[in-house]
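Visitor: I should be grateful for a close look at a single part of this structure. Please choose one pair of side chains and follow what lies around it, step by step.

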Amino acid sequence: MLLLCRYPFEEKNRETLSKLIGEVQDWHKLVELINAHGIIALAAYNIEEAGLVKMVPEDAMVILKNGYRQSMVRNLWLAERWKEVNTILSNSGIKHVLLKGMALEHTLYGSRGLRQMTDNDILVKRDDAIKVWKLLQKEGFSQELMKSPWHRKIIIDIGKHLPCLYKNGYAIEIHHDLFSNNFGYDKTYGDPIDDAVEIFISETKAWILPKEMQLMYLIDHLKRHTMEGNWQLRLYTDIMLLDKSSTIKIPDGFISNPIQENKQEYRRAAYRINIGSIPVKKKFQYLAGDIFPSVEWMKKRYKCNGAKAVLYYPLRIGKLMWLI
């Protein structure tokens, strides 16, 4: 798994990779893990570059190659959808910075479809965030049903980004902050918007974070995901590409099971992290909206009618125990 998520391919790894591929007994399980870690495109690339395609069962290699092609097509599609957003914001005089997948795909990964992603993430100044969020909705984007009207009033204080927006299958998250309060990173090494680095996607100008800031952001991002029960080699590879000497550790149990967010301990941890990031004066308002969501949200969450949804409210009070 660690050799299959490398980029670019290194000749010195060919012999070891060949030996390990020859020892694989359950290719179905391995392909499932590769996909769960978000590295199916990288795996296909490394196997092909090493000239080891014939050592892989045909059905497994077909899945890997198709996954790589799908990643290339999707990344091209996401770039075109982002250009629409870029035009809208540029016409309004609002500068934004690309984060994570899109920024990395078109720099470190060489625009080859190797950095798998499902949406776009952008960063704007905090004072512009609500304006951008509403502006995109005027241009045909929509949001998912908000949990509570109480949350709408403190939306800028809940997490680092606003609720995701959607349009014709395209999803975009508008971030107004980079770092989680819990990890204590020093934010004095530059302004992410003013100090952004210029790049080009095709012939369209874009902005990304400076290298040091991007590295710190990705480490923070991975650590938060780990605390919430998600740890993918995709995110690990991003960091190692930026800093080969990074000492970021692989937590026990996540190589064989990268998605553990539904486990009770991780759900509790994620809830505490979220509450901890909210300003003290806004915590009660957030908790009230979380424990007593709108009836419409309850109907959707519990897949029932309005009368039955009301019966689920007492169960939600138990979430308060997660804070103890």
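**A buried pair and its surroundings**

Guide: K100 and D121 form a salt bridge, and their closest N and O atoms are 3.4 Å apart; the term denotes a side-chain nitrogen of Lys or Arg within 4 Å of a carboxyl oxygen of Asp or Glu. K100 belongs to helix α5 (residues 100-105) and D121 to strand β2, so the salt bridge ties together parts that are 21 residues apart in sequence. Helices (H or I, at least four residues) and strands (E, at least two) are DSSP runs, numbered from the N terminus.

The model is predicted: local features need pLDDT of at least 70 and side-chain atom pairs count only at pLDDT 80 or more, while totals for chains, interfaces and linings use all residues. Residues are numbered from 1 along each chain as its sequence is written, and side-chain values use heavy atoms, with hydrogens and water left out.

Are the two partners buried or exposed? K100 counts as buried because its relative accessibility is 13%, and D121 is buried as well, with a relative accessible area of 4%. Here buried means under 20% relative accessible area, exposed over 50% and partly exposed in between (1.4 Å probe, protein chains only).

The strand that carries D121 deserves a closer view. Strand β2 spans residues 120-123. From this strand, D121 and L123 point one way, whereas N120 and I122 point the other way, and all of them are buried. Strand β1 (residues 97-99) is joined to β2 by 3 bridges, and the two run antiparallel. Within this arrangement, L99 stands opposite D121. D121 of β2 thus appears twice in this account, as the salt-bridge partner of K100 and as the residue opposite L99.

Strand β2 has a further partner in strand β5 (residues 170-175), with which it pairs in the parallel sense over 4 bridges; two strands pair if DSSP finds at least two bridges between them. On this side, N120 has I172 of β5 as its bridge partner.

From β5 one may step back along the chain to the loop that separates it from β4, in which N168 is found. N168 is not a glycine, yet its phi is positive, at about 50°. N168 is exposed because its relative accessible area is 69%.

The strand before this loop provides another salt bridge. K167 forms it with E84, and the closest N and O atoms are 2.7 Å apart. K167 lies in strand β4 (residues 165-167) and E84 in helix α4, so that pair links distant parts of the chain, 83 residues apart. E84 counts as partly exposed because its relative accessibility is 28%, whereas D121 is buried.

Helix α4 (residues 58-91) also holds N86. N86 counts as buried because its relative accessibility is 12%. When residues up to four places away in sequence are not counted, N86 touches H96, T204 and K205, contact being heavy atoms within 4.5 Å.

Two of these contacts, T204 and K205, lead to strand β7, which comprises residues 204-208. Strand β6 (residues 197-201) pairs with β7 in the antiparallel sense over 5 bridges, and V197 has I208 as its bridge partner there. The two strands form a hairpin with 2 residues between them, and in its turn S202 has a positive phi of about 60°.

The loop between α5 and β2 completes the path between K100 and D121. S111 is found in that loop. Its phi is near 55°, which is a positive value in a residue other than glycine. S111 counts as partly exposed because its relative accessibility is 43%.

For context, the structure holds 19 salt bridges. Among them is the one in which the side chains of E10 and K12 meet, at 3.9 Å from N to O. E10 is partly exposed because its relative accessible area is 28%, and K12 is exposed because its value is 65%.

The segment before α1 (14-23) contains P8. The peptide bond from Y7 to P8 is cis, with omega near -10°.

To return to the pair chosen at the outset, K100 is buried and so is D121.
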